[in-house]
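Here are a few short exercises on backbone geometry and helix packing. Have a go at each one before you read the solution.

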Amino acid sequence: MMDLSRPDVPLQRTRTGRQRISVLGATGSVGGSTLDLIARDPDRYQVVALTAQSNAAALAEWAVKVSAAVAVVSDPAAYADLAARLHGTGIEAAAGPAAVIEAAARPADLTVSAIVGAAGLAPSLAALEAASAVALANKETLVCAGRLYMREALRRGARILPVDSEHNAIFQVLEADNVSEVAEIILTASGGPFRTVSRADMADVTPERALKHPNWTMGRKISIDSATLMNKGLELIEAHHLFPVTPDQLKVVVHPQSAVHGLVRYTDGSLLAELGSADMRTPIAYCLAWPERRPAPVAPLDLVALGTLTFEAPDRTRFPCLALAEAALRDGAGAPCVLNAANEIAVEAFLDRRIGFLDIAAVVAETLSRASRAGMMREPAALDEAYALDSEGRRLARDEVVRRAT
Ligand code: NAD
Ligand code: MG
């Protein structure tokens with residue numbers, strides 16, 4: 001849980017007053033939005049490290065634009081391309097998973113962790129070593145090893161700033177001195193592209209249709225998670241680690257306009273919410289400026305143009321992934337890690353057209369029950385245990401994908 005008792009002292013600055021910043025997952029959707037903000041305000045930042053998986057062209061372009069000290073691709077096959085593109089710029093190039101971790105551990109005032117999937121776990125952990133604060137977008141880190149991660153953050157004295165829009169909203173409206181007066185925390189869900197689609201019609205939806213999110217532009221994996229509502233389930237687990245509430249105090253409400261991002265209900269009946277446009281640059285800007293605020297190039301939410309805000313209960317029969325994640329949240333220990341591993345495999349298989357949309361939940365459910373029968377669900381106490389559980393969960397899920405693939 002977040003240590004809300006710590007005074008909100010401004011983040012450290014370099015002697016020149018510039019904020020030293022690293023972006024892990026720099027070529028992604030969140031990484032790109034972060035770099036867009038940095039590039040608009042270059043005097044404010046000193047960019048330390050940028051990392052990506054294999055897109056050397058996009059990484060090198062950003063590295064030059066924001067004058068990064070080092071750029072790293074995790075895929076060694078992309079090294080030659082990266083090094084050639086950075087030749088003569090003075091920007092260091094490196095490659096391989098260990099180099100990503102080394103870059104993540106370079107001293108910075110703020111490290112933005114925006115790698116997708118459990119692959120972000122080790123770099124997010126490394127970032128705690130040398131950053132005064134980590135702006136965490138990589139929700140899978142908290143899902144796989146939340147207890148371990150938050151404990152390590154506390155031990156290292158690193159602040160975790162939530163980037164995920166719902167958690168950022170709650171972070172903004174949660175008052176540090178009255179957490180005992182919180183009755184519940186409510187995450188909103190857009191409902192995704194299939195909010196009104198029957199289960200029968202979901203059976204043969206294509207990846208293209210599932211990737212078309214009504215309100216947000218995001219990476220492919222989180223877009224599919226939004227279509228299955230697994231994203232909201234992962235976010236409940238994420239919220240449980242970030243905020244001092246029990247699973248029973250965490251609620252989901254479907255809100256198709258995505259104007260309200262998160263709400264806190266206090267015991268006196270007050271419901272405090274954060275509203276804004278569906279643009280990740282608002283929560284990212286909040287993390288960059290925290291505990292202050294800075295202007296962001298985001299279209300203001302026009303309440304009159306919006307006219308109506310609607311809310312509905314999530315349908316766990318049509319969206320069983322939400323119920324599976326809620327059960328994993330309640331079961332705790334290793335269940336969220338296995339849930340996440342199975343989901344990553346199932347989403348990848350759906351995107352590759354090896355299984356259907358409804359098979360995603362089935363693969364996750366079957367993997368969880370096989371893992372449970374095998375007695376695998378122990379809480380990971382260290383990074384290697386989290387990775388071992390993750391890879392065991394992936395192995396079971398791959399078997400299930402093969403069984404279902406036609
Ligand atoms: P994305 O797919 O657009 O980008 C992912 C980034 O991670 C890329 O830079 C990619 O090169 C890098 N990457 C992927 N696999 C890697 C690996 N094995 N090793 C090292 N780097 C790797 O994803 P995204 O939509 O930006 O999401 C990033 C994270 O933020 C996810 O955990 C997601 O759930 C979370 N998030 C995203 C949004 C959003 O609006 N996109 C909102 C809230 C939370
Ligand atoms: Mg979110």
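**Exercise 1.** In which loop does Arg353 lie, and is Arg353 buried or exposed?

*Solution.* Start with the chain path: Arg353 sits in the loop between helix H15 (335-351) and H16. Keep in mind that this is a predicted model. Next, look at the backbone: phi of Arg353 is near 65 degrees, which is positive although the residue is not glycine. That's worth a second look, because most residues other than glycine have a negative phi. Last, take the accessibility: the relative accessible area of Arg353 is 53%, and the cut-off for exposed is over 50%, so Arg353 is exposed.

**Exercise 2.** Now try Leu229: what is its phi, and is the residue buried or exposed?

*Solution.* Leu229 is in the loop between helix H10 (220-228) and H11. Phi of Leu229 is near 70 degrees, again a positive value in a non-glycine residue. For the second part, compare 4% relative accessibility with the cut-off of under 20%: Leu229 therefore counts as buried.

**Exercise 3.** Which residue does a cis peptide bond join to Trp290?

*Solution.* Check omega: the bond between Trp290 and Pro291 has a value of about 5 degrees, and the bond is cis. Then place it: Pro291 is in the loop between helix H12 (281-289) and helix H13 (303-306). As a reminder, most peptide bonds are trans.

**Exercise 4.** How are H6 and H11 oriented to each other, and which residues meet?

*Solution.* First the geometry: the axes of helix H6 (residues 139-156) and helix H11 (residues 230-242) cross at roughly 20 degrees and come within 8 Å. Angles under 35 degrees count as roughly parallel, so that is the label for H6 and H11. Their crossing is left-handed. Now the contact: H6 brings Lys139, Leu142, Val143, Gly146, Arg147 and Met150, which meet residues of H11 including Asn231, Leu234 and His241. Sorted by type, the contact residues are 6 nonpolar, 3 polar and 4 charged.

**Exercise 5.** Do the same for H16 and H17: at what angle do they pack?

*Solution.* Helix H16 (residues 357-373) and helix H17 (residues 383-404) pack at about 130 degrees, their axes 9 Å apart. The value falls between the perpendicular range, 65 to 115, and the antiparallel one, over 145, so H16 and H17 are oblique to each other. The crossing of H16 and H17 is right-handed. Among the residues in contact are Asp359, Glu366 and Arg370 of H16 and Leu396, Glu400 and Arg404 of H17. By type, the contact of H16 with H17 has 6 nonpolar, 2 polar and 6 charged residues.

Definitions and conventions
Residues numbered from 1 in each chain as written. Chains lettered and ligands numbered in written order. Predicted model: local features only at pLDDT ≥ 70, side-chain atom pairs only at ≥ 80, totals over all residues. Heavy atoms only, no water. Axes fitted to C-alpha atoms, helices over the stretch in contact; angles between N-to-C directions. Helix = DSSP H or I, 4+ residues; strand = E, 2+ residues; numbered from the N terminus. Left-handed = near helix turned anticlockwise from the far one by under 90°. Contact = heavy atoms within 4.5 Å. Nonpolar A, V, L, I, M, F, W, Y, C, P; charged D, E, K, R; others polar. Buried < 20%, exposed > 50% of the residue type's maximum accessible area, 1.4 Å probe, protein only.
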